[in-house]
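Student: I would like to go through this structure helix by helix. Where do we start?

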Amino acid sequence: MLAVTSLSDIKSVGIVGGSLGGLFQAVALAELGLDVTVWERSSGRPDDRGAGIVLQPSVAWFLNMFCGVDTDQVSVPVTHRQFFARDGRSHHTLMRQQMISWGAIYKPLRDRFDSVRYRHGQPVDALTPRSDGVGVHVGGAVHPVDLAIIADGSASRHRGLVSPGSAPRYAGYVAYRGVIDEAELPEELSAVFRDRFSFYDGDRTQFLCYFIPGDFGTIEPGKRRMNWVWYVRADAAGLDRITTDRYGTAHGLSLPPGLIAPQVHTELLDRARRLLPQSVRELVKHTREPFAQAILDGRVSRMRRDRMLLTGDAAFVVRPHTAASAEKAAADAIALFTALQQIPSVDAALEAWERDRLAEGTALYRHGVGLGHRMGLNGLDATPVAGRAS
Ligand SMILES: Cc1cc2nc3c(=O)[nH]c(=O)nc-3n(C[C@H](O)[C@H](O)[C@H](O)COP(=O)(O)OP(=O)(O)OC[C@H]3O[C@@H](n4cnc5c(N)ncnc54)[C@H](O)[C@@H]3O)c2cc1C
């Protein structure tokens, strides 16, 4: 545990939401010796879905420093970026990166807490500011804490307490996603994508793919997974269609794996046949359970009100082209850890943290929207998402 001299005002911290954003904060603040409790709405450990994340420096630093993880052991290296043309030809450029999975980040963070400190299946119903902190309302009980961190994601219920009127908007396109066990890919297809971060930029569409760790974070060749993302424009009605599952249940902003409606799946395969280069199209064909998520734009004007802070996607929802959402969440936590350690007054520390993170989040938000514009993906039907399910 690290020595702390300036934290006499804060002893207890309540975290609303126990995904990556909440967990980064929980681990860093526990490392400062604070009494941290995480309340997470969902029951049980989430399904990894095998989804891929580009490993960026703050996440790597965090996992290494706070969790003792050697990220080289849980991420798949790529050496080049590969760009496809519609006729299937490709060229590549040198670009070394590490690809990790959501689960390989989540697990070491989550393993830091027992079921007393991390409470599954306990949604936070309300937060009430008090003179000496915040009341966290859970299932009829009120838990007083000195600091509350709101990490309840893009569909945040509590964001408005800190930054009213900041609900994200639908950006007008979806990311279809797929994950395939490497063992299920024909060798000649697998070889096309090995050691590569591959892209196809079409007319107002983009496809990208890379290998990520397989079960239990294995990076052994043959046991990894192929992860792909395909950005496709869809108006609000199209989004509703895509995210309404095979049983007629509307999921709003995302469609979980295994539930795609047969007609939507057929259309996806047909679209792939018409629009994608052959090897890329083959990946879509080999995917048993494609899933989807709406692309959102969300920015806040404040990240702090008294002793309540916003972090992760509850603050800024940036476009995935930045490959920086998990990175931003980790950086939020590292910045708070550093500010609380280095600035003698807690209020001054929180103020400095907010200034830094607002600037960073705003810059990333703009960068992501700019990237979407350049790909011609923006603007088909940008609508507020209030009222939709997450
Ligand atoms: C498929 C997929 C791929 C991604 N790829 C990338 C990538 O390549 N690079 C990247 O940087 N980022 C990527 N991201 C995004 C990244 O994972 C998130 O932006 C980041 O993890 C921060 O998330 P968060 O914890 O703030 O929000 P979330 O992950 O949305 O978590 C919010 C949590 O809060 C809980 N919650 C909600 N309401 C309540 C409540 N009232 N009480 C208690 N708990 C509540 C939810 O159950 C959830 O666990 C991806 C995300 C997904 C889903």
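**Helix contacts and cores**

Tutor: Leu20, Leu23, Phe24 and Val27 in α1 meet Trp102, Ile105, Tyr106, Leu109 and Arg110 in α3, where contact means heavy atoms within 4.5 Å. This is a predicted model, in which local features need pLDDT of at least 70, side-chain atom pairs count only at pLDDT 80 or more, and totals for chains, interfaces and linings use all residues. Residues are numbered from 1 along each chain as its sequence is written, and side-chain values use heavy atoms, with hydrogens and water left out.

Student: Is α1 parallel, perpendicular or oblique to α2?

Tutor: Helix α1 (residues 20-31) and helix α2 (residues 57-67) are DSSP runs (H or I, at least four residues), numbered from the N terminus. They pack at an angle of about 40°, taken on a scale from 0 to 180 degrees between N-to-C directions of lines fitted to C-alpha atoms over the stretch in contact. Angles under 35 degrees count as roughly parallel, over 145 as roughly antiparallel, 65 to 115 as roughly perpendicular and the rest as oblique. Therefore α1 is oblique to α2.

Student: Which residues of α2 make the contact with α1?

Tutor: On the α1 side the contact is made by Phe24, Val27, Ala28 and Glu31. Their partners in α2 are Val59, Phe62 and Phe66.

Student: Which helix gives the most to the largest nonpolar core?

Tutor: A nonpolar core is a set of buried (under 20% relative accessible area, 1.4 Å probe, protein chains only) Ala, Val, Leu, Ile, Met, Phe, Trp, Tyr and Cys residues joined through side-chain atoms within 4.5 Å. Of the 75 residues in the largest one, Phe24 and Leu340 touch the most other members. The top contributor, with 10 residues, is helix α9 (residues 325-342).

Methods. Buried < 20%, exposed > 50% of the residue type's maximum accessible area, 1.4 Å probe, protein only. Helix = DSSP H or I, 4+ residues; strand = E, 2+ residues; numbered from the N terminus.
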